[in-house]
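Okay, thanks for making time, everyone. I'd like to walk you through one model today, residue by residue in places, so please have the viewer open.

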Amino acid sequence: MKKYHLLTWGSLCATALMALCAMTAVSCAEDGYDDDERFESTVTNSQLASPELTKDCFSTQVSSDGSERIKVTWKVVAGASGYQCNVNNVDDPANPVAILDSIVDGITVSFPMTEDTKYEVSVRTLGNAKLGNSDAAEASTYAYSTMIEAIVVPEGSDVAEYINANIQDTEDEQAFELKAGITYTCNSPIEFLDHKVTLRGDKVKHPIVVFGAEGRIYTSSQLKLKFIDFDCTEMATKWGVIEMSPEPPASKSAESQEIGAGKNSNKPADVFVLMDPIVVQNCGFKNVPSCFFSVGACSWGIQDLRILNSVIQMNNDGSRNSNGSFISAYSSEFKSPNGGSFYYGCIRNITIQESTVYNIAENSKCFTIRFNNKDIDRVFPTADGTFTAKDNTMIRMFDKKNFADRTPQQAKYVITMYNNIWLNCYLLQKLCHQNCSYDTDQSMNVVYAYSDFGTLDTTDKNKWGTEEDPGISQTEILKELDFTKENYGLDFTATGALSSTIGDPRWK
């Protein structure tokens with residue numbers, strides 16, 4: 001890089017060249033420079049200031065492999081030799097984790113982006129001894145989050161009452177945030193209706209939502225629940241903790257969305273359809289009395305249901321609802337958009353990953369997963385779908401009733417299972433139908449037994465089971481969640497030769 005010098009060409013040329021020089025300075029800063037090749041700054045013998053950081057300084061870069069990075073760009077500080085840049089993960093403000101600690105001679109840094117993470121970014125201008133300039137007295141800092149901005153629910157509020165009064169009429173995703181470590185009540189249904197909503201708490205100190213008899217969550221659109229613990233002990237519902245709205249908008253009908261059904265000559269069926277995902281992530285649920293997720297009163301086609309890194313403790317003996325499955329596409333009334341009944345709803349894709357699901361009660365009445373309709377193309381254009389289970393611990397789900405009912409029975413339905421412990425779960429073969437397709441390692445997947453070890457069904461034993469005792473304490477599997485303790489006061493550590501290497505990672 002060459003040095004640039006002003007020439008005496010008159011006032012107009014001088015003005016033009018000054019603008020050119022300013023542009024060159026920005027270019028040098030972006031491309032990097034060293035002390036021997038530097039734009040000659042007019043700033044000398046000064047204490048420099050740090051560059052201002054604002055929201056506009058941040059952007060996202062997508063790499064060729066699909067990973068994302070956060071890019072930070074600031075304005076040049078004339079007379080500087082470089083910048084001290086620091087980035088910390090501050091999900092736990094008391095224990096920040098260093099992500100970046102670097103001196104740069106440009107005006108840009110980047111670092112890997114992690115979902116749902118809070119960062120503190122600081123940039124401090126460094127002086128230049130050759131110009132007599134000293135470091136900035138302090139760094140500029142900015143709190144940056146990869147979470148969307150949220151409305152904070154005040155302490156002391158009833159969650160349903162506050163959200164129902166403050167939800168925004170917008171097609172954009174919106175968020176509500178519960179304060180870290182605070183306990184809230186929820187004495188009526190939260191009506192998310194046809195709004196895309198994230199309801200989140202705090203990663204480190206989950207808030208607690210205590211449901212009253214009428215408490216539950218209704219939705220007709222995209223829903224994400226994250227970093228919250230839910231006490232369902234007093235719930236009176238026969239159906240779901242999370243339930244599709246009993247009065248969905250007409251815009252959710254298959255007809256309104258122009259979603260044809262393959263078995264209906266690609267004409268829309270008389271059914272409601274949700275194409276956006278329902279995601280439960282990093283949550284705890286205590287004493288779920290019936291369904292965890294249910295389509296509720298109406299007939300629905302659900303595209304995508306995900307349970308990720310969560311602990312769900314059921315207290316479901318089947319007496320409240322013989323159709324009270326853990327996950328249920330079976331409707332209570334089968335109401336359809338045109339006012340009649342449609343009996344062929346379904347859940348197209350189910351994912352359960354890095355989670356623990358267990359039931360402290362015996363249940364001989366309810367299927368664990370009730371698909372309701374084995375023919376997905378009665379609702380959707382094609383018959384393909386998925387059930388994916390990876391790195392889970394599932395216990396007593398349910399111990400005296402078939403694990404699944406009406407599993408899609410064809411090669412277009414793909415079942416993926418890796419590294420799961422299924423303990424005292426009855427007739428897994430009813431999920432794993434012989435006509436489905438499989439992506440699974442059976443040699444490193446299942447530790448499986450009924451209430452008495454060694455009484456596996458022949459098909460389960462030959463295809464999915466082992467009579468190895470996983471060594472999980474029988475007293476542990478009868479415990480309710482304790483929100484005041486680490487890992488909810490549970491210890492499902494397995495000691496068997498195979499089982500100690502698989503299952504929910506939190507117990508390894």
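Let's start at Gln281, which sits in strand E19, residues 278-281. Buried or exposed, what would you say for Gln281? It counts as buried, because its relative accessibility is 14% and the cut-off for buried is under 20%. Leaving out residues up to four places away in sequence, Gln281 touches Asp116, Leu225, Lys226, Phe227, Leu308 and Ser310. Hang on to Asp116 and Phe227 from that list, as both names come back when we get to the cavity lining.

Before that, a word on what we're looking at. This is a predicted model, with a mean pLDDT of 89 for the chain and 88% of residues at 70 or more. The stretch to be wary of is residues 1-39, where the pLDDT is below 50. Beyond near neighbours in sequence, that stretch makes 30 contacts in the model.

Now the overall make-up. The chain has three helices and 33 strands. Of its 508 residues, 52% are buried. And if you take contacts between residues at least 6 apart in sequence, 76% of them join residues at least 24 apart.

On to the cavities. How many of 30 Å³ or more turn up when you search the whole structure? Two, and the largest holds about 50 Å³ of space. Its lining is Asp91, Asp116, Lys118, Met147, Glu177, Arg200, Gly201, Asp202, Lys203 and Phe227. Sort those by class and you get two nonpolar, one polar and seven charged residues. So there are our two Gln281 contacts, Asp116 and Phe227, in the lining of the largest cavity.

Lys118 in that lining also takes us to Val90. Val90 is in the loop between strand E3 (82-89) and strand E4 (97-104). Apart from residues up to four places away in sequence, Val90 touches Pro96, Lys118, Tyr119 and Glu120. There's also Ser145: 55 residues from Val90 in sequence, but 9.6 Å from it in space, C-alpha to C-alpha.

Stay with E4 for a moment, because at 38% relative accessibility its residue Ile99 counts as partly exposed. Setting aside neighbours within four places, Ile99 is in contact with Val87, Asn88, Asn89, Phe111 and Tyr119. Notice Tyr119, which was among the contacts of Val90 as well. Ile99 and Asn86 are 13 residues apart along the sequence, with 7.6 Å between their C-alpha atoms.

Moving along, Asp105 is in the loop between E4 and strand E5 (108-112). Asp105 is partly exposed too, because its relative accessibility is 33%. Its C-alpha is 6.3 Å from that of Tyr83, which is 22 residues away along the chain.

Next, the nonpolar cores. Which residues touch the most other members of the largest one, which has 80 residues? Phe285 and Phe293. For Phe293, not counting residues up to four places away in sequence, the contacts are Ile242, Met244, Ile278, Ile302, Leu305, Phe326, Ile327, Ser328 and Ile347. There is also a second, separate core of 21 residues, which includes Leu48, Val104, Val121 and Val123.

Phe285 leads us to Cys232, since the two are in contact. Cys232 is in the loop between strand E16 (229-231) and E17. It's a loop residue, but it counts as buried because its relative accessibility is 0%. Its other contacts, again without neighbours within four places, include Phe211, Val241, Lys286, Asn287, Val288 and Pro289. Pro289 is 57 residues from Cys232 in sequence and 7.2 Å from it in space, C-alpha to C-alpha.

Last stop, backbone angles. Asn45 has a positive phi of about 50 degrees, and it isn't a glycine. You'll find Asn45 in the loop between helix H1 (11-31) and strand E1 (58-62). It counts as exposed, because its relative accessibility is 66%. Glu258, another non-glycine, has a positive phi of about 55 degrees. Where is Glu258? In the loop between strand E17 (240-244) and strand E18 (272-274). Glu258 is exposed as well, with a relative accessible area of 71%.

That's my tour. Questions are welcome.

Note on methods:
Residues numbered from 1 in each chain as written. Predicted model: local features only at pLDDT ≥ 70, side-chain atom pairs only at ≥ 80, totals over all residues. Heavy atoms only, no water. pLDDT = per-residue confidence, 0-100. Contact = heavy atoms within 4.5 Å. Helix = DSSP H or I, 4+ residues; strand = E, 2+ residues; numbered from the N terminus. Core = buried A, V, L, I, M, F, W, Y, C linked by side-chain atoms within 4.5 Å. Buried < 20%, exposed > 50% of the residue type's maximum accessible area, 1.4 Å probe, protein only. 1 Å grid on protein atoms, 1.4 Å probe; cavity = no way out; pocket = protein on both sides within 12 Å on 5 of 7 lines; lining within 4 Å. Points joined across faces, edges and corners; volume = space filled by probe spheres on them. Nonpolar A, V, L, I, M, F, W, Y, C, P; charged D, E, K, R; others polar.
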